[in-house]
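Visitor: I should be grateful for a close look at a single part of this structure, with its surroundings described for comparison.

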4 protein chains.
Amino acid sequence: MKIQMWREILDPYVLTVDELVVKFNHLIEEYRNMGAYSPIEQVHGRVKTISSILEKAQKKEIPLKDIEDKIEDIAGIRIICQFVEDIQKVVEIINKRTDMEIKSEKDYIKNMKSSGYRSYHLIIYYSVQTLEGTKKVQAEIQIRTLAMNFWATIEHSLQYKYKQNMPEHIKGRLSKAADAIIALDQEMSSVRGEIMDAQNSFKIKANM
Amino acid sequence: MKIQMWREILDPYVLTVDELVVKFNHLIEEYRNMGAYSPIEQVHGRVKTISSILEKAQKKEIPLKDIEDKIEDIAGIRIICQFVEDIQKVVEIINKRTDMEIKSEKDYIKNMKSSGYRSYHLIIYYSVQTLEGTKKVQAEIQIRTLAMNFWATIEHSLQYKYKQNMPEHIKGRLSKAADAIIALDQEMSSVRGEIMDAQNSFKIKANM
Amino acid sequence: MKIQMWREILDPYVLTVDELVVKFNHLIEEYRNMGAYSPIEQVHGRVKTISSILEKAQKKEIPLKDIEDKIEDIAGIRIICQFVEDIQKVVEIINKRTDMEIKSEKDYIKNMKSSGYRSYHLIIYYSVQTLEGTKKVQAEIQIRTLAMNFWATIEHSLQYKYKQNMPEHIKGRLSKAADAIIALDQEMSSVRGEIMDAQNSFKIKANM
Amino acid sequence: MKIQMWREILDPYVLTVDELVVKFNHLIEEYRNMGAYSPIEQVHGRVKTISSILEKAQKKEIPLKDIEDKIEDIAGIRIICQFVEDIQKVVEIINKRTDMEIKSEKDYIKNMKSSGYRSYHLIIYYSVQTLEGTKKVQAEIQIRTLAMNFWATIEHSLQYKYKQNMPEHIKGRLSKAADAIIALDQEMSSVRGEIMDAQNSFKIKANM
């Protein structure tokens, strides 16, 4: 397929990512303006590269014409939270919005992957306006704590290096690191109430 | 009114400007991806400052509770075009979109202001999602050529300096400059077809 | 040459453009903080594309090993001014800086090109820090008014379309547009003193 | 002191932060262009707020005229690394640069603060060009792992809430979290060689 065609296909996904990043970043701003604790700490977005799309299509035996339908993460948003409890709060916020519709959810926090991977995944439908009219696309939203994200970044690099053949001793170390992450997230959760109070107290002061 | 209150009031307008800037900038991208001439050259956005809002409210005797209703340009978008003909094209594009609704239009190009000011103004309704749900706000979109924008910038500075008392000789010079702008825009229009062809030829090349 | 090699060659030029854009944009900020009129209105930067570099090398018969030496505009900065008089002021500011050194100057305003092109060009030397140490590179700085820039943008598109064979009637129209630009810049210059006063009066107010 | 005066004082620090963020971000780019592992993961910058400066001046009994001299962190840069070992590498890179000079260093990683705080701090001298000529300012660079940064962010919020009176049970939890962070950083260090190999292998592939 020509590069020109790919650009036209990916164009609405680029727009989707740009709009969603603006919208989720603004939520952080909205909490800050109220002087309140924000369950969202950072927002990142990316559009899948052409080579990654082709690789996934080949691996999952998806014909080119079904790519937009079957590959749900061409547009990808990552929302980073401070605390495990914030993740559910973010899911609720997304659930209430009328500008996106949840298609499916996967809770890899309750059901950790065997690798140690933890995250909350949503597939949403989102509509953008193009020169040819309204287009409804899919996007994946991954919600994680800072600690989970840290682990996932490392694991992704190692996966890239070893493909399917990660040595047992590396797997073991990753697994130990995943345990340290869980311990860390638990300690953090134990002070979450204190942090939220700290941030809310701004509001009270500001309104006096 | 407290600064905290103002922040909460202006928050949806900040979001509106951010979303609209992303959306109109993306149109430029969409044309470029097709290898076609874009009627939009630049997009700028701003939220009116608190002091400008208060000044306008005072001048027009608008009570504070009616500000959001009566001051239509709290959120402001400026779209800059290369050619006069592009302005109408942009109005048509906005007209077709389903994510904004035109409330009113003013054509200061056909009906130039006595000062020499020329621009096409739209007031639109636009909906944003806040933590309290959907909020429908107003925004002003000003559409101008580069040359008109140049003149308007200069005139704005002079207006600021002299308020209602601009000396006659300055008015005269501004008026002469406005004539030069019209001559320039007309010369430019006479090569518009050539420019559009030049840019469309990219597309044809890219698709061969 | 491999893409990897090109990236390593162009890398210091990307850094040069990024640093210079920050620095010149900050000058605007510095004037604004003093409440004074800024001779710089906008700053743009770009690194020449690999295909443009190769095209220029071929046309001027420059061997690949001499590219960095002989092609002086791999890093390009464009500074846009409101008034013709501001251009000389910007040249003086650059001249006084100790972080860049002027190699050569071309005044296409006094000596307009036969096409009608007007601009002030500087070639500077600028040092950046890379992982391999200090690297001294060249950069081109083009200084123009908004009006000159407008004309140059249009002319560039037409040049691209017609290469060396621009029809006479198009040339004639461009030339007429160039005249309108000069008339406009002259009218503008006649109100420059007023504009500068207007902007300086902020400062006086702020300091009282 | 008037807001206008503060703006003029802080202006060179704003420029310093902007330039340093561009420069350190470019290092990440430079490593990526070589297909090599980057010891820098993220760069953040901020200029201290006027109220924070005044608070610090009062607490440390610094007269206003000595603020620029005695408050070393008016310009602040934070460099985030993936692994503890990267921190020393970043210090070496800074040490070799000719555009900044290290004034002093504090190693809170070898010598953890009693609170559990760990980070490597540098104070540097850095020169910027202003309209009045060259100005040499100080800036603080904090270098930390992602995990250390995570802890420091949480601790900062709690410090803000409790000032000098943090309850013992909160201190205990923070201390436990600091232990989890150290364990995590150690597990991560044990796979650092693997990650670096993974990222370097891009380069080898790209050059073949």
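Guide: The account below concerns a pair of helices and the interfaces around them. The model is predicted, so local features are reported only at pLDDT of at least 70 and side-chain atom pairs only at 80 or more, while totals for chains, interfaces and linings use all residues. Residues are numbered from 1 along each chain as its sequence is written, chains are lettered from A and ligands numbered from 1 in the order written, and side-chain values use heavy atoms, without hydrogens and water.

Helix 6 of chain A and helix 6 of chain D each span residues 168-190 (helices are DSSP runs of H or I, at least four residues, numbered from the N terminus). Their axes come within 9 Å and cross at roughly 160° (axes are lines fitted to C-alpha atoms over the stretch in contact, with angles from 0 to 180 degrees between N-to-C directions). The two helices are therefore roughly antiparallel (over 145 degrees). Their crossing is left-handed, the near helix being turned anticlockwise from the far one by less than a right angle.

On chain A, the residues that make this contact include Arg173(A), Lys176(A), Ala177(A), Ala180(A), Ile181(A) and Leu184(A) (contact means heavy atoms within 4.5 Å). From helix 6 of chain D come, among them, Arg173(D), Ala177(D), Ile181(D), Leu184(D) and Met188(D). By class, the contact has 10 nonpolar, two polar and six charged residues (Asp, Glu, Lys and Arg are charged; Ala, Val, Leu, Ile, Met, Phe, Trp, Tyr, Cys and Pro are nonpolar; the others, Gly among them, are polar).

Over the whole interface, 32 residues of chain A are in contact with 32 residues of chain D. The two chains bury about 3,000 Å² between them, 71% of it on carbon and sulfur atoms (accessible area, 1.4 Å probe, lost on being put together and summed over both parts). The count of salt bridges between chain A and chain D is zero (a side-chain nitrogen of Lys or Arg within 4 Å of a carboxyl oxygen of Asp or Glu).

Chain D also meets chain C, with 30 residues of each in contact. Here about 2,800 Å² is buried, 55% of it on carbon and sulfur atoms. Asn33(C), Gln129(C) and Leu131(C) supply 25% of the area that chain C buries against chain D, more than any other three residues. Zero salt bridges are found across this interface.

Chain B and chain D, by contrast, make no contact, and their closest C-alpha atoms lie 17 Å apart. Chain A and chain C do not touch either; their nearest C-alpha atoms are 17 Å apart.

Definitions and conventions:
Angles under 35 degrees count as roughly parallel, over 145 as roughly antiparallel, 65 to 115 as roughly perpendicular and the rest as oblique.
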